[in-house]
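Please open the model in your viewer and keep the sequence panel visible beside it. This tour proceeds by selections, with a short account of what is found at each stop.

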Amino acid sequence: MRISCEVQVNNRRMMTLGSAGRRRGSQSTLGIGHAPGAPAHLDNLFVHLCTAQNKQGTKYKVSGNIEAVFTKFVSEGKFTIRFKEPEEDLSVKADPVLAKSFLHTLKAGLANRNLEKLHLSNLCPAKSTQLEKPRTRLAITKRSDYPLATGFPRTLEELRINKIQLSRIEARIVKLPRLHTLDLGLNQVSVLPIGLGSMSSLTHLDLRENHLSAIPAQVFAGSLRNTLVSLDLAQNLLTYLPHTITSLHNLLTLRLDGNRLIKLPLSLGKLTNLRCLSVSNNKLIDLPASVRRLRLNMLEVCENPFTTPLGIVEDRLAHTTIRGPPSLREIVARVCVKKSLRPSPADIPATLVQYLEGYTHCLCGRPCFESHLLAVVPLDLERLSTSIVVKQVFRSTVPAMAALCSQRCWEMSRKR
């Protein structure tokens, strides 16, 4: 068993004497095993530390020589082994999975249990490649550089794959635990895997200039809703967006230029942290009126027809009207939104959780669910952003689709 990690060696005796007994952490390999030819027994078991300065390594006897093992932060890949002789502490930082695997092997070794079945090291010197710092960034611009057999390092934090005609996003990319930036622009990706939404560290996602025609709603319903800060879907073939995109609470930048969008989700105004929105060169006939809730630094809406006439939208769907008092379900849902309650599927049925998330705001600020009017009202873009790009320089008012909670709100919107 040998893992690549960062190790800091602390000599307790020198620290007690007032000398500098703490060595800086360095890229190392840490193994546990026995010398070649030695029987698999606790008396022959050693922890083997190799560094770039000492590739032959330092051996620490295991049997009767470990005073304590500190594992409070093992979930972060950190642990410390305290040896009696020499009086040194090895403070280790590694991949959490590797750290737990190493400690499991060490525990089995201390118990002298099935050592012959454990994957033990032969205590040979470390190779230079094993002592290289883990790779955190990778850029691929040639198809021949795409790793087919070797895979992607689990330590990657930034991955950029551009101009190689990539047609799909593999599961091994989705499973990279530390990835916070994924740039797959200028490829031929046509389908997004649902698993993309489970990436718990991803903050920047760039999918510009691909062949996307639709996005599964589940992609924005997982971990991405809490982590994603920047999303670029420009120059694709999108005709609509799933309503779950409005659950990306921390989104700051959203680029949708050069698609085939006719409508945007009515509840887009729920992205209250959004600062940059670009929807130029689409087929938008109106904007969602809920964007009035946004305070943008940049808004681009040029090259869109914006042809929807003002007025109440013809009643074609029964659930887009006000036919009497709201249902009990809607009354309770409004209270939940007002009090910022967010029950999970563990508290209420999953269908009700989806219902709670499917609201939009009336112009008066009240949440609208089933009981509402659909109306097209004028929207003054100058109220949204300090920087606006429209088709004509003098045009700053466009039609906006609004969900209104009452006839009174419709009358009030006509007076504004």
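Which backbone nitrogen lies 3.0 Å from a polar atom of the side chain of Ser121? The backbone nitrogen belongs to Leu123. Please bear in mind throughout that this is a predicted model.

**First stop: Ser121**

Select Ser121, which is found in the loop between α2 (96–110) and β8 (137–140). Its relative accessible area is 9%, so Ser121 counts as buried. Now display its surroundings. Apart from neighbours within four places in sequence, Ser121 is in contact with Met1, Arg2, Ile32, Gly33 and His34.

**Second stop: strand β8 and its partner**

Move on to β8 and show the side chains. Their directions alternate along the strand: Leu138 and Ile140 point to one face and are buried, whereas Arg137 and Ala139 point to the other face and are not buried. Next add β9 to the selection. The two strands, β8 and β9, pair in the parallel sense over four bridges. Within this pairing, Ile140 stands opposite Ile161 in β9.

**Third stop: the nonpolar cores**

Keep Ile161 selected and display what surrounds it. Leaving out residues up to four places away in sequence, Ile161 touches Ile140, Tyr146, Phe152, Leu166, Ile173, Asp183, Leu184, Gly185 and Asn187. Ile161 also has a place in a wider group. Which members of the largest nonpolar core touch the most other members? They are Phe152, Leu159, Ile161 and Leu231, in a core of 74 residues. To see where this core draws its residues from, colour β8, β9, α3, β20, β22 and α7 (407–415), each of which supplies at least two of them. There is also a second, separate core of 26 residues, and Val7, Ile32, Phe79 and Phe102 are among them.

**Fourth stop: an open sheet**

Select β15, β22, β20 and β17. These four strands form an open sheet in that order, and the pairing is mixed. The edge strands are β15 (287–288) and β17 (311–312), each of which pairs on one side only. Now restrict the view to β20 (residues 373–380) and β22 (residues 397–404): these strands run antiparallel and are joined by eight bridges. In this view, Leu379 may be found opposite Val398 in β22.

**Fifth stop: helix α5**

Select α5 (residues 328–338). Which side of the helix holds its buried residues? Glu330, Ala333, Cys336 and Val337 are buried. They cover an arc of only 115° around the axis, and therefore they lie on the same side of α5. A general rule is helpful here: an α-helix has 3.6 residues a turn, so residues three or four places apart point the same way. Rotate the view to the other side of α5, where Leu328 and Lys338 are exposed. Then add α6 (350–357) and β19 (367–368), which are included in what covers the buried residues of α5. Just after α5, Ser340 takes a positive phi of about 60°.

**Sixth stop: backbone details in loops**

Three loops deserve a selection of their own.

- Glu85 and Pro86 are joined by a cis peptide bond, with omega about -5°; Pro86 has its place in the loop between β6 (78–83) and β7 (88–93).
- Gln165 is not a glycine, yet its phi is positive, at about 60°; the residue is in the loop between β9 (158–161) and α3 (171–174).
- Leu186 is likewise a residue other than glycine with a positive phi, near 60°. It is found in the loop between β10 (181–183) and β11 (204–206), and its relative accessible area of 25% makes it partly exposed.

**Last stop: the cysteines**

How many disulfides does the structure hold? It holds zero. A disulfide is a covalent bond between the sulfur atoms of two cysteines. Select Cys302 together with Cys276. The cysteine sulfur closest to that of Cys302 is in Cys276, and at 15 Å it is too far for a bond. Cys302 is buried, with a relative accessible area of 17%. Finally, select Cys364 and Cys362. Why is there no bond between Cys364 and Cys362? Their sulfurs are 3.5 Å apart, which is too far, because a disulfide requires the two sulfur atoms to be within 2.5 Å. Cys364 counts as partly exposed, at 37% relative accessibility.

Definitions and conventions
Residues numbered from 1 in each chain as written. Predicted model: local features only at pLDDT ≥ 70, side-chain atom pairs only at ≥ 80, totals over all residues. Heavy atoms only, no water. Buried < 20%, exposed > 50% of the residue type's maximum accessible area, 1.4 Å probe, protein only. Polar contact = N/O pair within 3.5 Å; in protein donor to acceptor, adjacent residues only side chain to side chain. Contact = heavy atoms within 4.5 Å. Pairing = 2+ DSSP bridges. Arc of directions from axis to C-beta. Core = buried A, V, L, I, M, F, W, Y, C linked by side-chain atoms within 4.5 Å.
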